[in-house]
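Here is a quick tour of a two-chain model, written for someone who likes to know what the coordinates say before using them. Have a look at the structure first.

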Amino acid sequence: MRKGPSWFNIASIGLGLAFLYLPIAILVIYSFNASRLVTVWAGWSTRWYAELLQDQAMLEAAWTSLRVALLSATVATVLGTLAALSLVRMGRFRGRLLFSAMIYAPLILPEVITGLSLLLLFVAAAIDRGFWTIVIAHTTLTMGFVTVVVQARLLGFDRSIEEAAMDLGAPPVKTFFAVTLPMIAPAVAAGWMLAFTLSLDDLVIASFTTGPGATTLPIRIYSEVRLGVKPEINAICTIMIAVVAVTVVAASLLSKLREAKMAMPVPGAG
Amino acid sequence: MSESRRSWTARLVVILPYAWLAAFFLAPFLIVLKISLSQTALAQPPYLPVVDLAAGWQGLKDFFTALSPDNYRLLISDSLYLGSYLRSLTIAAFSTLMLLIAGFPLAYALARMPRRWQPVLVVLVILPFWTSFLIRVYAWMNILQREGLLNQALLAFCIIDEPLAWLASDTAIYIGIVYSYLPFMVLPIYATLEKLDGSLLEAAADLGCRPRKAFWLVTVPLSLPGIAAGALLCFIPIVGEFVIPDLLGGSEQLMIGQVLWTEFFSNRDWPVASAVAVVLLSLLIVPVVIYQQMQLRALEEDR
């Protein structure tokens, strides 16, 4: 697809981006509104952020969410990377079709189904619901996303480097850690971040699999939001948006730097 | 020695994720199926029968004879459930169409931008997807509420005389869905358009084909895989959507995801909730398998 963009193309992009960003911008701006009435602008203020710091339940929920996301994203990244290796490198093993179905289905299946089925499993197995059941549920939900990201990278790189290492006598495990892993590292990191934000984000599956004493941030926000729009909620949402935006931008800058460094010693690689 | 060790670690690479998914993704479905055939009970767990392994063969036999399709009969006989399934499928179909109409021009425009701008623009399209789904729906509650900015703007421009009720309507559901799922439609279409060979369009032009005709005869057919992937990626989860209709929609008519949620959390009727899930899954199994096949084919082609 070459040829320059037409005015229609530029207008599409402008409108599309406006549609995507305007609601978020409005939410952020109104979090700094001095008035309790969310619709009346009464000047700039940070009072809702100060009130948020007093909200013990909200802070606790945020802490729970953070721990769940860190743990589940890490386990999901290990399992998801292994799954990507199985799909791309292992050829046709028995049960590969079922395996791929189990990898791809959680990506698109409605969350109510996944949530309900996991809960019924925990009940049937008499596992006490709470922090750990959410971690298991989120790991199951997010590992497929890691697989898809890592698999794309595995398909994209030159296999002969791995083969060269093996020919020189490196055992497969060492080849993986010395050659394969460094090459797929950006994708593994991206997969981890995706899993992390998906876990932070999830309301439905966490609601099904949670138990007493384990309230995540989305569950907490949802219970408030059902009652209507509140400035404190705008404030916590703004903080979450800021955290995600800073992380994503920093990550993409880091990967740019890394790529620039990696490209230097080996001209023409990649 | 080296050969056997290799096969051992290789096997572990497959077995670990396989076992996890079998235990936490596949096994739960069998349990859902079983409970959907059970009766509601005032017990813990709140359903009957429960497999009694101590009773041995007789226990298993009792267990199987106690299963009944009553919950499914209820789903068919009560128009509430049928209506919700139908409503969910309709909303999902219409909003997928709207997403296609909104998403294709955006994807097309992205693919025609100068190469060096494309990565930045793609990141800009994806970025909202990284922020919480719940936050994005909540953002629209801000705008659509009675005293919200949309009504204020429309009043200011004298387009309406008095504030309209945007929230708790199907319009709000459609806005929320199109907003939340737009990146899922744009990215697969962009991926196919971006790979499209420009010389094909030049060839069409050389042979006297007008650009508009070339668009319909060359560009659209070649982007069909992306369109299909985007449509499935949107349609399947939208059918079971819960958060968007719950926060933006009205309470007279429910989507099936809300029905499942209510049966489970409010009515505490686990067997009916399970039956609702099984029927929903059987409605979606064909699109899910098509999606999986497309993913696998893409995997083989890239290899």
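What follows goes through the two chains, then the interface, then one helix pair across it.

Keep in mind that this is a predicted model. For chain A the mean pLDDT is 85, with 93% of residues at 70 or more. The weak spot to flag is residues 265–270 of chain A, where pLDDT drops below 50 and the stretch has two contacts in the model beyond near neighbours in sequence. Where pLDDT is low, predicted coordinates shouldn't be read in detail.

**The two chains**

Chain A is built from 11 helices and zero strands, so to speak an α-α-α-α-α-α-α-α-α-α-α pattern when you read along the sequence. Chain B comes to 14 helices plus two strands. Its radius of gyration is 25 Å, well over the 19 Å that the globule rule gives for 303 residues, so chain B is more spread out than a compact globule.

Here are some overall values for each chain:

| Chain | C-alpha span along principal axes | Buried residues | Contacts 24 or more apart, among those 6 or more apart |
|---|---|---|---|
| A | about 70 × 60 × 35 Å | 45% of 270 residues | 77% |
| B | about 80 × 75 × 35 Å | 41% of 303 residues | 70% |

**The interface**

How many residues of each chain take part in the contact between chain B and chain A? On the chain B side there are 83 residues, and they touch 70 residues of chain A. Helix H1 (residues 2–36) of chain B gives the most to its side, with 20 residues. By type, the chain B side splits into 63 nonpolar, 13 polar and seven charged residues.

**One helix pair across the interface**

Two packed helices are described by the angle and the distance between their axes. Take helix H1 (residues 7–30) of chain A and helix H6 (residues 133–144) of chain B: their axes come within 9 Å and cross at roughly 75°. Angles from 65 to 115 degrees count as roughly perpendicular, and H1(A) and H6(B) are therefore roughly perpendicular to each other.

Which residues meet where H1(A) touches H6(B)? From H1(A) come A:Pro23, A:Ile24, A:Ile26, A:Leu27 and A:Tyr30, and they meet B:Ala139, B:Trp140, B:Asn142 and B:Ile143 in H6(B). Sorted by type, this contact has eight nonpolar residues, one polar and no charged.

Key:
Residues are numbered from 1 along each chain as its sequence is written. Chains are lettered from A and ligands numbered from 1 in the order in which they are written. This is a predicted model: local features need pLDDT of at least 70, side-chain atom pairs count only at pLDDT 80 or more; totals for chains, interfaces and linings use all residues. Two residues are in contact if their C-beta atoms, placed from the backbone, lie within 7 Å. Helices (H or I, at least four residues) and strands (E, at least two) are DSSP runs, numbered from the N terminus. Ala, Val, Leu, Ile, Met, Phe, Trp, Tyr, Cys and Pro count as nonpolar, Asp, Glu, Lys and Arg as charged, and the others, Gly among them, as polar. Axes are lines fitted to C-alpha atoms, for helices over the stretch in contact, and angles run from 0 to 180 degrees between N-to-C directions. Angles under 35 degrees count as roughly parallel, over 145 as roughly antiparallel, 65 to 115 as roughly perpendicular and the rest as oblique. The radius of gyration is taken over C-alpha atoms; the globule rule is 2.2 Å times the number of residues to the power 0.38. A residue is buried if 20 or more other C-beta atoms lie within 10 Å of its own, exposed if 12 or fewer, and partly exposed in between; C-beta atoms are placed from the backbone. pLDDT is the predictor's confidence in each residue, from 0 to 100.
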